[in-house]
Every structure is written in structure tokens, then in C-alpha cells.
Amino acid sequence: MTACQTASKETIESGPCGTAAKEITYPADVKPIIRQHCISCHADYIFYDSLNADINSGEFYKRVVVKRDMPPSGGLDTCDYIILKRWIYNGHYSN
Ligand code: HEC
């Protein structure tokens with residue numbers, strides 16, 4: 001937990017996980033994470049607009065990044081968090 005908190009700031013800007021040299025994109029990086037970890041329960045997240053609505057409301061960030069109670073059984077690794085945070089930070093575009 002401490003390591004995650006210390007890592008979070010610099011990794012948004014210039015992270016490991018092969019993300020430093022390229023922009024995070026929704027189709028290539030984010031969608032596979034959502035498919036694997038979320039749509040079994042949140043079927044509507046298959047649609048970018050549904051996912052984006054929860055990001056705009058702040059619910060996504062609150063539950064996934066701050067409280068970390070989504071997905072309920074865990075399963076996101078450090079790189080998944082970095083990718084999701086960086087995508088949101090960069091404006092969470094659909095392309
Ligand atoms: C095992 C089923 C399950 C999985 C997997 C799951 N969720 Fe959820 N999620 C729920 C349930 C049930 C609720 C409503 C109850 C609550 O708020 O705790 C919920 C609520 C939420 C909310 C609050 C807003 C809303 O839609 O009610 C967000 C945001 C959210 N989930 C995001 C995610 C994300 C992102 C993932 C994948 C990283 C994920 N969840 C994976 C079951 C799940």
C-alpha cells in the first residue's frame with residue numbers, strides 16, 4: 001500500500017509497464033482491462049459512453065483508485081492502476 005502511494009505520482013507522468021514511451025489509449029490499453037475485470041458485472045461498460053459517465057461523475061476514480069473496492073475481489077495489478085490513472089489524467093478519450 002505504501003509502495004503504491006509513493007509510486008502513484010511519478011508513474012502517472014512516466015511510468016513503468018511499457019507505458020512511458022507511448023500514450024495510453026482506450027482501445028489498446030484500457031478496454032482490455034475493463035473487459036477482463038469489470039464487464040462480467042458491469043455489462044454496460046462494454047460501451048465507452050457508459051464507462052465514461054462513471055468517470056465523469058467521479059465514481060470510477062473513487063471506487064477503483066481511492067477505495068479500491070472495485071472489482072470486489074481485487075485482481076487489478078500495479079500496471080492496471082497505472083494505465084487507468086494515466087488514461088483518466090490524460091483526459092480519458094475514446095481513441
Ligand atoms: C463481481 C461483480 C463486480 C465486478 C467484477 C466489478 N463490479 Fe463494480 N459494482 C458491482 C456492484 C454490485 C455495484 C453496486 C453496489 C456498490 O456500489 O457497491 C458496483 C458498483 C460500482 C461503481 C459505483 C457506481 C455504480 O455503477 O453503481 C463503480 C464506479 C464500479 N462498480 C466500477 C467497477 C469497475 C471499474 C470494475 C472493474 C475494474 C468493477 N466495478 C468490477 C459489482 C462488480
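In the predicted model, helix α5 has the span expected for its length. Its twelve residues, at 1.5 Å a residue, should cover 16 Å. The end C-alpha atoms of α5 are 16 Å apart, so expectation and model agree. Six residues of α5 are named as buried: Tyr81, Ile82, Ile83, Leu84, Arg86 and Trp87. Gly91 follows α5 and has a positive phi, near 115°.

Helix α5 is one of five helices in the chain, which has zero strands. From the N terminus, the order of elements is α-α-α-α-α. The chain has 95 residues, and 17% of them count as buried. Contacts between residues at least 6 apart in sequence were also examined. Of these, 70% join residues at least 24 apart.

The largest nonpolar core holds nine residues. They are Ile24, Val30, Phe60, Val64, Tyr81, Ile82, Ile83, Leu84 and Trp87. Two elements, α4 (59–66) and α5 (78–89), each give two or more residues to this core. Helix α5 gives the most, with five residues. Val64, a member of the core, is in contact with Leu84 and with Met70, leaving aside neighbours within four places in sequence. Leu84 is itself a core residue and is buried in α5.

The ligand is surrounded by 13 residues. The closest are Cys38, Cys41, Glu59, Met70 and Pro71. Helix α4 supplies the largest share of this shell, four residues. By class, the shell has seven nonpolar residues, three polar and three charged. Met70 thus appears in two settings: among the residues closest to the ligand, and in contact with Val64 of the core.

Pro71, also among the closest residues to the ligand, lies in the loop between α4 and α5. Pro71 counts as partly exposed because it has 16 C-beta neighbours inside 10 Å, and a buried residue would need 20 or more. Beyond four places in sequence, Pro71 is in contact with His37 and Cys38. Cys38 is likewise one of the residues closest to the ligand. Ile34 is 37 residues away from Pro71 in sequence. In space, the two C-alpha atoms are 9.9 Å apart.

Ser50 is placed in helix α3, residues 48–56. With 12 other C-beta atoms within 10 Å, Ser50 is exposed, because the limit for that class is 12 or fewer. Residues up to four places away in sequence aside, Ser50 touches Asp44 and Tyr45.

Confidence varies along the chain. The mean pLDDT is 84, and 77% of residues reach 70 or more. Among the elements, α3 has the highest mean pLDDT, 98. Helix α1, residues 2–14, has the lowest, 46. The pLDDT is below 50 over residues 1–12. This stretch has seven contacts in the model beyond near neighbours in sequence. Where pLDDT is low, predicted coordinates should not be read in detail.

Note on methods: Residues are numbered from 1 along each chain as its sequence is written. This is a predicted model: local features need pLDDT of at least 70, side-chain atom pairs count only at pLDDT 80 or more; totals for chains, interfaces and linings use all residues. A nonpolar core is a set of buried Ala, Val, Leu, Ile, Met, Phe, Trp, Tyr and Cys residues joined through C-beta atoms within 7 Å. Two residues are in contact if their C-beta atoms, placed from the backbone, lie within 7 Å. A residue is near a molecule or strand if its C-beta atom, placed from the backbone, lies within 6 Å of it. Ala, Val, Leu, Ile, Met, Phe, Trp, Tyr, Cys and Pro count as nonpolar, Asp, Glu, Lys and Arg as charged, and the others, Gly among them, as polar. pLDDT is the predictor's confidence in each residue, from 0 to 100. The expected span of a helix is 1.5 Å times one less than its number of residues.
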